[in-house]
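Student: Could you take one part of this protein and walk me through it closely? I'd like to see how that part sits in the rest of the chain.

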Amino acid sequence: MSSERNVDVFAALVLVLSIIGIILMATQYFASFYLGAGSYRHSCLDCGYATAGDLFAQIVMIILLVLQIIIALNDLVPNRFIKMDLDKIGLMFAGTTVLLAIIGLATFGIVYAEFEWWPDAGFYGGIIAGLINTILFFLKWRNK
């Protein structure tokens, strides 16, 4: 007899995307602007040109992605350490991640509106992980 266990593909994808999102947000710029004369300034977790709004958004987004990793791991381990269904909570965390990415970029854009500014890899890592995780958590919740 074989004791075969089906792996939750949605949880595995959430795990991978959340890890990629955290890595991009922690190591790459969130947004940048052109100061002039060949000089660029950036917003990241340890950059001097981060605004209070986008720095807050980046920190909370990383926390939300870590919580999504915990939910995914809970679904992947054989003996769940949290017995309740966490799909709706994961859906809220992922949706909030998207909302915070937009708010963080908007606050950066408002503060540096007089310069040419753009989102960078940290923003894209957070918003793409949030969007895809939202879809995955919704599909997972819907298919139960």
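Tutor: Let's take helix 4 and work outward to its neighbours. This is a predicted model, where local features need pLDDT of at least 70 and side-chain atom pairs count only at pLDDT 80 or more, while totals for chains, interfaces and linings use all residues. Residues are numbered from 1 along each chain as its sequence is written, and side-chain values use heavy atoms, with hydrogens and water left out.

On confidence, pLDDT is the predictor's confidence in each residue, from 0 to 100. The protein averages 93, and 97% of the residues score at least 70.

Now the layout. There are four helices and three strands, in the order α-β-β-α-α-β-α from the N terminus. Helices (H or I, at least four residues) and strands (E, at least two) are DSSP runs, numbered from the N terminus.

Helix 4 covers residues 121-142. The expected span of a helix is 1.5 Å times one less than its number of residues, so the 22 residues here should span 32 Å, and the end C-alpha atoms are 31 Å apart, which agrees.

Which residues of helix 4 are buried? Among them are Gly122, Phe123, Gly125, Gly126, Ile127, Ala129 and Gly130, and further along Asn133, Leu136, Phe137 and Lys140. Buried means under 20% relative accessible area, exposed over 50%, and partly exposed in between (1.4 Å probe, protein chains only). By that cut-off, 38% of the 144 residues in the protein are buried. As for spacing, an α-helix has 3.6 residues a turn, so residues three or four places apart point the same way.

And what do they pack against? The buried residues of helix 4 meet helix 1 (9-27), helix 2 (52-76), helix 3 (87-111) and strand 3 (116-119). Contact here means heavy atoms within 4.5 Å.

Seen from the other side, helix 1 has its own buried residues, including Ala11, Val14, Leu15 and Leu17, and their cover includes helix 2 and helix 4. Just before helix 1 sits aspartate 8. Leaving out residues up to four places away in sequence, aspartate 8 touches Lys140 as well as Asp75 and Leu76; Lys140 is also one of the buried residues of helix 4.

Such links across the sequence show up in the whole protein too: among contacts between residues at least 6 apart, 74% join residues at least 24 apart.
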